[in-house]
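Please open the structure in your viewer and keep the selection tool at hand. The tour below proceeds stop by stop.

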Amino acid sequence: MEQTDSEFFHNFRRELIAGAEAHGAFHLSEFMETFSNELIETGFIEGFELCHYRAQRGLRVDGYWFNDDGELDLFVADFDSREELQSLTQTEVTAAFKRVENFFDASLFKYLFDNLDETTPEYGLSRQISDRKDFIRKVNFFLMSERALSDRMQTINGRQVCDIEATHHIWDMTRLQRQRSSRGHKEALDINFKVEFGNGMKCLPAHLGSGACPSYLIILPGEVLATLYGKHGARLLEQNVRSFMQARGKVNKGIRTTILNEPGMFFAYNNGITATAQDVEVEHCDGGLAIIRVKDLQIVNGGQTTASLFHTKRRDKASLDGVFVQMKLSVISPGDSEIFVPKISEYANTQNRVNAADFFSNHPFHIRIEEFSRRIWAPAHSGSHRETKWFYERARGQYVDAQSTLTLGEQKRFKAEYPKPQMFTKTDIAKFENVWDDQPKWVNLGAQKNFAHYAMRIGKAWTNNQDSFNELYFKRVIARAIIFRWTEKMVSSETWYNGGYRANIVAYAIATINELCKRADKFVDFPRCWNTQEVYPQFADALRKAAKFVNDDISEPPEGISNISEWCKKDFCWERIKSRLTELESDMSTGFFKTLIGIDELKTQQRQAKKVQKLDDGIDAQTRILEVSPQRWSQIRVIGSQRRFLSEKEIGVIRVAERIPKKIPTEKQSEVLLDVLKKANAEGVL
């Protein structure tokens, strides 16, 4: 049943309060983080840094993000912990945007930073705006409101602020509700080629038969593609392609050279792009058909081509008049998108076999972690007799969707089993893991870049050894989640904390603990944290000292660097922290080092966990094979022999499956049969 506006608001407010308590954050901070995470997930923004500042002279800002291509996102909040849903008027919208525009203007031209404390986030932001004034080509203003607009206006386009191109975006409770009610699908782009470019895009239909999805071949002008990317940015890219590009991030030199030197040969040299849409509007024109309108255009292969066209035009002032790109466009309904879009993207990206684009939400890694999270009970917290579970949200919106059809009593039981503070997402798991296993700077680079880096790393590890991702791994992930979230709350409560750079402090504090452990050839006892569901006292004391040490270090960036958050994204920041760790080590209690475990104990735990996972995999394979009838196996064997996509070994194993239940395939035979099912599916037999 769909929620009313008021019900959605009250549920949102309860989640906000619970989240603030779980993370040790102020309600305003939690509000901004909640909204920004939603926008990051759906591709509206690349990242978010909290920065709350307001002055009596009509200046306010609540967050920001500097993009690599000369864009700046500035955020302002309309939040007052209201207990009931209220209306947001056009006058109040204008006033809110005016305050954040004033902050931008004062930073750009009036040296606002001269009047600010150098250790605060607002100083770093204001100084950075001033320093980058010649490089900021566009500023995007976002208003995030806990109220509801009285009409449907969401974006104010077509004007400049301080002689710089500007866009204004409004996210209120109504828009957030629409976004979440889309069950994991982001708010769709609606592109009208006639309105934006004066005419439709000529196309050829490329679908035959009633069973084929509508597909079109289009010769798209490079100018059109670059303009679309300039306007919509990463929203134009399918999520996994967007993540992959976050990890790569550089303009393709070959594409740039062709645009500059041989624009007429671009079509011949380039492989083109593959895209999907929810719906298209086509009309007859001179010489054939033209696509007039596209709903939710998403590029699933060719993101680098698209971005390179845009950047080469902007940076090199290149003309795209003679540049054309081939586009293959498939129309996929929203209900089928989760099944078919990943396949289209996977098959279109075969030249990059291990990358973030392969790491979809239905990747076996995510499915396994989700299965663990629904099955494994976590020990009761200290002082409690109730065991709980940690809910892994493999696809966005699963936690809310799981409760949508429950009665109030059932919802209460669900939340008792899966408390909201124990829900975690793909970007969360990337954050929990990367601070331990990789350079912590990735966590400071934002959720999308951090996840992209994690995806490539884990994608390779999964290919090499799936059994490493077992129950022990899952429990370690949860232990790291407990440590990360405890450290967030701890930092917020420390007397030395001035309200800024918490994310940076947390990431580097945990990383310094890990570095000290490596130097001692020891490891944190994660099973202990899992068994108690808390950070034990000696570890907590070490984290407090590490957090204070990191705060003191990053608060003094090198000369010439004014923004501490930007400093924390650089390799040298982590290198400098590591070079000074002797000071922290001498301050550490010997009690903490006595709680660490050695390599032999760790390897024993891992070997046992791999054995159990291998056994579980075998049982799971047998279970799935037994779900297929003997008659179906016979059909697959006959067709597979006719089409010659089965080996002699596979045919022999299928004959065993045809004798079920008199003969049960072994675990190894079941694994062969699983591969047969994949082949049969690819051949259209299933």
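In what follows, Ala, Val, Leu, Ile, Met, Phe, Trp, Tyr, Cys and Pro count as nonpolar, Asp, Glu, Lys and Arg as charged, and the others, Gly among them, as polar. Please note that the model is predicted.

**First stop: the interior space**

Rolling a probe the size of a water molecule over the atoms shows where empty space is left. In this model, a search of the whole structure yields four cavities of 30 Å³ or more. The largest cavity holds about 70 Å³ of space. To locate the largest cavity, select its lining: F9, F12, R13, L16, I17, H27, F79, S81, R82 and E146. Colour this lining by residue class, and five nonpolar, two polar and three charged residues will appear. Which helix gives the largest share of the lining? That share, five residues, belongs to helix α1, which covers residues 5-23.

**Second stop: a surface patch**

Next, select I219, F267 and F324, which together make a nonpolar surface patch of about 260 Å². Within this group, I219 lies in strand β11, residues 215-221. Is I219 buried, partly exposed or exposed? I219 is partly exposed because its relative accessible area is 45%, a value between the limits of 20% and 50%.

**Third stop: a buried alanine**

Finally, move to helix α22, residues 537-554, and select A547. A547 counts as buried because its relative accessibility is 0%, and the limit for buried is under 20%. Add E488 to the selection: A547 and E488 are separated by 59 residues in sequence, and their C-alpha atoms lie 9.9 Å apart in space.

Note on methods:
Residues are numbered from 1 along each chain as its sequence is written. This is a predicted model: local features need pLDDT of at least 70, side-chain atom pairs count only at pLDDT 80 or more; totals for chains, interfaces and linings use all residues. Side-chain values use heavy atoms; hydrogens and water are left out. Patches are made of residues with over 30% relative accessible area and no salt bridge: like charges are joined within 9 Å, nonpolar side chains (Val, Leu, Ile, Met, Phe, Trp, Tyr) within 5 Å. Accessible areas come from the Shrake-Rupley method with a 1.4 Å probe; for residues, only the protein chains shown count as cover. A salt bridge is a side-chain nitrogen of Lys or Arg within 4 Å of a carboxyl oxygen of Asp or Glu. Helices (H or I, at least four residues) and strands (E, at least two) are DSSP runs, numbered from the N terminus. Buried means under 20% relative accessible area, exposed over 50%, partly exposed in between (1.4 Å probe, protein chains only). On a 1 Å grid over the protein atoms alone, a cavity is a set of points where a 1.4 Å probe fits but cannot get out, and a pocket is an open set with protein on both sides within 12 Å along at least five of seven lines; lining residues have an atom within 4 Å of a point. Grid points are joined across faces, edges and corners, and a volume is the space filled by probe spheres set on the points.
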